[in-house]
Amino acid sequence: MTADGVYVYAIIRARRRLPKGVSGVGSPAAPLRTIEQGQVAAVVSEAPPKLRARRRDLLAHQDLLLRLSDQGPVLPMRFGMVAPDEETVCGQLAAGEADHVAALEHLSGGVEVNVKAFPAQHALRSLLVDDKKLRRLRDEALRRPGYEANLRLGEAVAAALESRAAEAGRGLLRELTPRARAVASGPEVQGCVLNMSFLVDRGDSDDFRSAAEQFAETHSERVELRLAGPLPCYSFVSAEGTRVRTAGV
């Protein structure tokens, strides 16, 4: 097997030691090393041929980033970032050195917590209590059952659940934003009314999660939350700092 470029995991401060007992993607697992340029370094390994998003490789990538972030600030790369050669990595590190140093300083001591909010699906009873229009549609569907009546009721229920969840999501954002150093919106997710990531001090991450969970409990008839983190700070790093290609995943 021959390597297919240089796999880039992250950018860290120069002269940092890599954590022990971790390895890179590929089978067999690729040894890790750093490429240093000035004040920063890229954590890399040889990229295996025909790289795909296999579970083993995804876990290896994530585990390394978590271990690195335990030791200090990290600019994490998404899975599948491959540069053609070391010279390309060195050139991009040199060109973006000042920005990388500033970003590492900004992320120092921080972790990412992602919060997704979804409509509460078990709240139909409270919804009917609050919404006269839904009660009317329900009564019509009971008096004159049929496809059209059920369709109108179903669409109205879905819209009302989403509206209530979105309102709760805005309240959640107001609640959590002051607890974070930075906030970044995530991509749209089907059925999700809020997808936000928060840059939180590592020592405050448990309190942050507790505040989100308390909000979810208090507003359980309006919104359901899914929390992920602490995570490497993906949402607070620009991928433009290192010119790479994304493997076919």
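Three exercises with worked solutions follow.

The model is predicted: local features need pLDDT of at least 70, side-chain atom pairs count only at pLDDT 80 or more, and totals for chains, interfaces and linings use all residues. Residues are numbered from 1 along each chain as its sequence is written, and side-chain values use heavy atoms, with hydrogens and water left out.

**Exercise 1. Ser45**

Task: Place Ser45 in its strand, decide whether Ser45 is buried or exposed, and find the side chain that makes a polar contact with Ser45.

Solution.
- Step 1. Ser45 sits in strand β3, residues 40-46. Strands are DSSP runs (E, at least two residues) and helices are H or I runs of at least four, numbered from the N terminus.
- Step 2. The relative accessible area of Ser45 is 0%, so Ser45 is buried. Buried means under 20%, exposed over 50%, partly exposed in between (1.4 Å probe, protein chains only).
- Step 3. The side chains of Ser45 and Tyr9 share a polar contact of 2.8 Å. Such a contact is a pair of N or O atoms within 3.5 Å; within protein, one must be able to donate a hydrogen and the other to accept it, and residues adjacent in sequence count only if both atoms are side-chain atoms.

**Exercise 2. Aromatic pairs**

Task: Which geometry does the pair Tyr7 and Tyr9 have, and which does Tyr7 and Phe79 have?

Solution.
- Step 1. Rings of Phe, Tyr and Trp (its six-membered ring) pair if their centres lie within 6.5 Å; planes under 30 degrees apart are stacked, over 60 edge-to-face, the rest tilted. The count is three aromatic pairs.
- Step 2. Tyr7 and Tyr9 have ring centres 4.5 Å apart and planes at 50°, so this pair is tilted.
- Step 3. Tyr7 and Phe79 form an edge-to-face pair, 6.1 Å centre to centre, with 65° between the planes. This pair links distant parts of the chain: Tyr7 is in strand β1, Phe79 in the loop between β4 (75-76) and β5, 72 residues apart.
- Step 4. Tyr7 and Phe79 are both buried. Tyr9 is buried too, at 0% relative accessibility. Tyr7, Tyr9 and Phe79 form one aromatic cluster.

**Exercise 3. The core**

Task: How many residues does the largest nonpolar core have, and which have the most contacts inside it?

Solution.
- Step 1. A nonpolar core is a set of buried Ala, Val, Leu, Ile, Met, Phe, Trp, Tyr and Cys residues joined through side-chain atoms within 4.5 Å.
- Step 2. The largest such core has 21 residues, and Val89, Leu107 and Phe236 have the most contacts inside it.
- Step 3. Elements giving two or more residues to this core include β1 (6-13), α2 (86-95) and α3 (97-107).
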